[in-house]
Amino acid sequence: MATLYYEKDVDRSVLEGKTIAIIGYGSQGHAQAQNLRDSGFSVIIGVRPGKSWEQAERDGFAVYTPDEAAARADVIQLLLPDEKQPEVYRTQIEPHLTAGKALFFSHGFNIHFGQIVPPKDVDVVMVAPKSPGHLVRRVFTEGFGVPALLAVHQDATGQAKALGLAYASGIGSTRAGVIETTFREETETDLFGEQVVLCGGVTALIQAGFETLVEAGYQPEIAYFECLHELKLIVDLMYEGGLANMRHSISDTAEFGDYLIGKRIINDEVRREMKKVLAEIQDGTFARTWILENQTGRPFMNARRRQEAEHPIEQVGARLRALMAWQKKREDVPVGR
Ligand code: NDP
Ligand code: MG
Ligand code: MG
């Protein structure tokens, strides 16, 4: 069983009187910074001049370049896009990482794959909210918090874990529960989840289902509803109460079809492929491909974004969503029937 931490496990004093620099004021940056400030901690922002800088100032923060913020802070949380972090780290953060400071992350990629190698005499900690940034903020303002993962890569001061827990409490996560993990486990499972299930798996499944129906002569609008639109309703039920709750709500016909067919779609060949994907994440093949892609101006990403935007499911979807003004108010429509 995983180790879980809650409010009772937090010693806030390890973070009191310290300055926290949030580097980057995007999705996670704005949310974590505002939550920590509302929790009574001292927060400054480090970004380059531009949109984020102006937003952080409007939100009432003292804003500096990453370089200056890192110099002023005791705890430095890197919340730039992962592929930008190594360069900013090398040029602006590392020079200010004096002994006893703490370097924080919300994702393990750059530490785990050696793109950032901090000096041995600083704490290196991950507090990774399991949620998009805007929810990290909204759920906090509603008096609760999103769950988070906590990992310690380096404990130079002997207080790294306590510091991580205090930080997690500052963003609201100990109200929900903080799960202890490692940089390796977080990185590899995060990549696997998004590639195989959440993003790569789901989008490919939707498109394959849609294409099969359309190629067989069914109307694209109907195919869109059956293979994409209804997915949200199904996922909501799974989110609320697991697969069993979803199967309880759908019709018996849908449930029978689920049991009969699911494993023919996600068959042994697909499972073998999943294992290969996991192996490529574990041995660094994926990381190398992604790093090279960024170093060469993202030729594959750019081409695929263009191709995907032209897929018929996007055209029909845009048309249908424009017609569905009722969509937001009627999320309780029956599913699977
Ligand atoms: P965003 O893409 O939202 O962050 C962009 C921010 O970084 C902006 O403030 C941008 O400023 C700034 N920035 C970009 N390049 C530079 C640069 N060269 N120098 C200075 N500032 C720069 O990032 P996320 O919040 O999505 O991700 C941050 C971290 O959190 C990542 O490690 C990610 O894996 C992790 N994470 C993200 C989640 C999410 O929901 N998004 C969930 C959990 C973890 P500007 O406006 O000037 O471009
Ligand atoms: Mg991810
Ligand atoms: Mg149906």
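Author: A residue is called buried if 20 or more other C-beta atoms, placed from the backbone, lie within 10 Å of its own, exposed if 12 or fewer do, and partly exposed in between. The model is a predicted one, in which local features need pLDDT of at least 70 and side-chain atom pairs count only at pLDDT 80 or more, whereas totals for chains, interfaces and linings use all residues. Residues are numbered from 1 along each chain as its sequence is written, and chains are lettered from A and ligands numbered from 1 in the order in which they are written.

Reader: What share of the chain is buried, and how many helices and strands does the chain have?

Author: Buried residues account for 30% of the 337 residues, and the chain has 15 helices and nine strands, which are DSSP runs numbered from the N terminus (H or I with at least four residues for a helix, E with at least two for a strand). The C-alpha trace spans about 65 × 45 × 40 Å along its principal axes. Among contacts (C-beta atoms, placed from the backbone, within 7 Å) that join residues at least 6 apart in sequence, 66% link residues at least 24 apart.

Reader: In what order do the strands of the sheet stand?

Author: Two strands pair if DSSP finds at least two bridges between them. Here nine strands form an open sheet with mixed pairing, in the order E1-E9-E8-E7-E6-E5-E2-E3-E4. Strand E1 (4-5) and strand E4 (63-64) stand at the edges with a single partner strand each, so one side of each has no neighbour in the sheet. E4 pairs with strand E3 (residues 42-46) in the parallel sense over two bridges, and Val63 in E4 is the bridge partner of Ile45.

Reader: Which residues come nearest to ligand 1?

Author: A residue is near a molecule if its C-beta atom, placed from the backbone, lies within 6 Å of it. Of the 24 residues around ligand 1, those that come nearest are Gly26, Ser27, Gln28, Ser52 and His107. Helix H1 (27-38), helix H2 (51-58) and strand E7 (123-129) each supply at least two residues of this shell, and H1 gives the largest share, three residues. The shell divides into 10 nonpolar, 10 polar and four charged residues, where Ala, Val, Leu, Ile, Met, Phe, Trp, Tyr, Cys and Pro count as nonpolar, Asp, Glu, Lys and Arg as charged, and the others, Gly among them, as polar.

Reader: Where does UniProt place the feature "binding site"?

Author: UniProt positions are given in the numbering used here, with shortened feature names, and annotations may be inferred rather than shown by experiment. The unreviewed entry places this feature at Asp190, Glu226 and Glu230. These positions span 41 residues in sequence, and their farthest two C-alpha atoms are 28.3 Å apart, so they do not all gather at one spot. Glu226 lies in helix H10 (residues 220-249), where Glu230 has its place too. Glu226 is partly exposed, with 14 other C-beta atoms within 10 Å, and Glu230 is partly exposed, with 14 as well.

Reader: What phi does Arg298 have, and where is its place?

Author: Most residues other than glycine have a negative phi. Arg298, although not a glycine, has a positive phi of about 60°, and its place is in the loop between helix H13 (285-295) and helix H14 (299-309). Arg298 is partly exposed, as 14 other C-beta atoms lie within 10 Å.

Conventions:
Contact = placed C-beta atoms within 7 Å.
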